[in-house]
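Hi,

Here is the structure I promised to pass on. Have a look at it first, and then read on for what turned up.

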Amino acid sequence: MMVWLAKQAAWSQARELEISTASFGLSANAIIVPGEEVDNKLSQVDSRKLAYMPAPSLTFSMWYHGRYLQITRNQERTGRRRRKEETLQISIFARHHRVLGELLLEAKRAYKAAEAQSVSIYAADTVNKSWSHVASRPKRNINSVILDPGVSRLLIDDAREFLESKAWYAARGIPFRRGWLLYGAPGSGKTSIITSIAGDLGLDIYIMSLSRAGLDDSTLTELITELPEKCLALIEDIDAAFTQSLNRDGPADADEKSPPGAPHEPPSSRLSLSGLLNAIDGVAAQEGRLLYATTNKYHALDPALCRPGRMDVHVEFKLASRYQAEKLFYSFYLPAGEETGDSDELSSTADDTKKESETASASDKVTFVGTSHRLRGPKLRSAEVAELAASFAAGIPEREVSMAALQGFLMGFKIRPHEAVVAVKDWVQSERETRLKQASHPV
Ligand SMILES: Nc1ncnc2c1ncn2[C@@H]1O[C@H](COP(=O)(O)OP(=O)(O)OP(=O)(O)O)[C@@H](O)[C@H]1O
């Protein structure tokens, strides 16, 4: 209803407003403060966007299919934790409730259309043992995550094939479950590729962090049963459980993290490995759910956790190769609309292309209105970019720096590709020195 409301003239003309830098949910709900996108200072540092919503308790009057309609948005704090509850009160002057059904159906369609452009992210709320919507991100094109040749294709094809194989599993009596474990260097694109896969398959992401305070076996089980039927469940940093000495026999030592003098936590208040294994089987046991886990410490994981049936596909993500560095350079400086000509790029169907361009225009609306850094950069021909990309990649040692670090470096040269190529050698050297210092003085 909120997405539908956001499209009504009465909504955008409201004169009492609630302003926030936090997400109001699907971005279509809120009205982005005009002019902010063109404020270079704000858009260059990735600051939170300001958005406003008509204040609660206002009543909006409008005509709907020839009928007079009034909508009031109410907000109250309920329960011991004073959680904010929102309700909408709708009054329609009509003889039959059919018109309400029409309105709700139209609102549902508007929501689905808005949702098709973005991926909704939910996080586990361990206090209320429920999931809360934390963000809606524009879908990320899978080709924008640059991995070693064939890896993106393997991941997306495998996930698609799994979703289409329900009957195959049923015919063989094999539980319809599949888990993907992405492990390796930090900042190598594990989370990014998972987000892209969710966008590609039209699934919402439900993230669990095992190091979260208050997460015990029963909370985890409850959270798992609360998952919707079709979604992508993501356990981030699954090794975090092991830094708390998680073992199969029971929870870790309860005193380990308690401040001196704090009351002893009952032993059941921690997550045990068997609790985690049951939960994983639970996620996967529900049909149509995909389970992804990420870790930087593959070898710390218990074999029971990694065995086929729980984590069927293990993919290592390494530090950047020259190939990846070159492709990243392209993605920064190739003129808009031109292809790298890379055979590994995942082709989109006509429908996907349409969706992507719609998504791009939806996100452009927020991020760049007229001030894209591409427009301020030098106009390079593809051949020039190719030459620069090759020189840039030649300056990057194989598997020494992460893709996230490379991205950070290039961000400093958004409109200065030639300078990026010149500066890369010194940067690599300074990264090396920083790493050496860190190794000799571990935190
Ligand atoms: N392979 C890649 N291609 C393009 N961008 C990448 C790649 N890897 C990392 N990045 C960029 O680096 C940032 C961090 O990436 P991401 O969170 O996906 O890494 P990660 O492997 O999940 O890291 P961590 O293990 O620390 O959680 C993102 O902004 C992402 O755009």
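To start with one helix pair: helix 12 and helix 16 cross in a right-handed way. Helix 12 covers residues 322-333, and its axis comes within 11 Å of that of helix 16, at a crossing angle of roughly 35°. On the helix 12 side the contact uses Gln324, Ala325, Leu328 and Phe332, while helix 16 brings in Met403, Leu406, Gln407 and Leu410. Sorted by class, the residues of this contact are six nonpolar and two polar, with no charged ones. Do keep in mind throughout that this is a predicted model.

Helix 16 leads straight to the ligand. Which residues are closest to the ligand? They are Pro186, Gly189, Ser192, Met403 and Ala404, out of 16 residues that surround it. So Met403 turns up twice: it is among the residues closest to the ligand, and it also takes part in the contact of helix 16 with helix 12. Helix 16 (403-411) and helix 7 (190-201) each give at least two residues to the shell around the ligand. The shell also draws on two domains, with at least three residues from domain 2 (120-317) and at least three from domain 3 (322-440). As for its make-up, you'll find seven nonpolar residues, eight polar ones and one charged one.

Helix 7 has a packing partner too, namely helix 5 (residues 151-163): their axes come within 11 Å and cross at roughly 40°. Because of that angle, helix 5 counts as oblique to helix 7. The crossing is right-handed. From helix 5, the residues Ser152, Leu155, Ile156, Ala159, Arg160 and Leu163 meet Ile193, Ile197, Asp200 and Leu201 of helix 7. This contact holds seven nonpolar residues, one polar and two charged.

One more pair before I stop. Helix 15 (residues 382-394) packs against helix 17 (residues 417-440) at about 20°, and their axes are 8 Å apart. Is that oblique or roughly parallel? With that angle, helix 15 is roughly parallel to helix 17. Helix 15 passes helix 17 in a left-handed crossing. Leu388, Ser391 and Phe392 in helix 15 meet Pro417, His418, Ala420, Val421 and Val424 in helix 17. The split here is six nonpolar and two polar residues, and no charged ones.

If you open the model, helix 16 is a handy place to begin, as it both supplies residues to the shell around the ligand and crosses helix 12.

Cheers

Note on methods
Residues numbered from 1 in each chain as written. Predicted model: local features only at pLDDT ≥ 70, side-chain atom pairs only at ≥ 80, totals over all residues. Near = placed C-beta within 6 Å. Helix = DSSP H or I, 4+ residues; strand = E, 2+ residues; numbered from the N terminus. Nonpolar A, V, L, I, M, F, W, Y, C, P; charged D, E, K, R; others polar. Domains from an automatic or database assignment. Axes fitted to C-alpha atoms, helices over the stretch in contact; angles between N-to-C directions. Parallel < 35°, antiparallel > 145°, perpendicular 65-115°, else oblique. Left-handed = near helix turned anticlockwise from the far one by under 90°. Contact = placed C-beta atoms within 7 Å.
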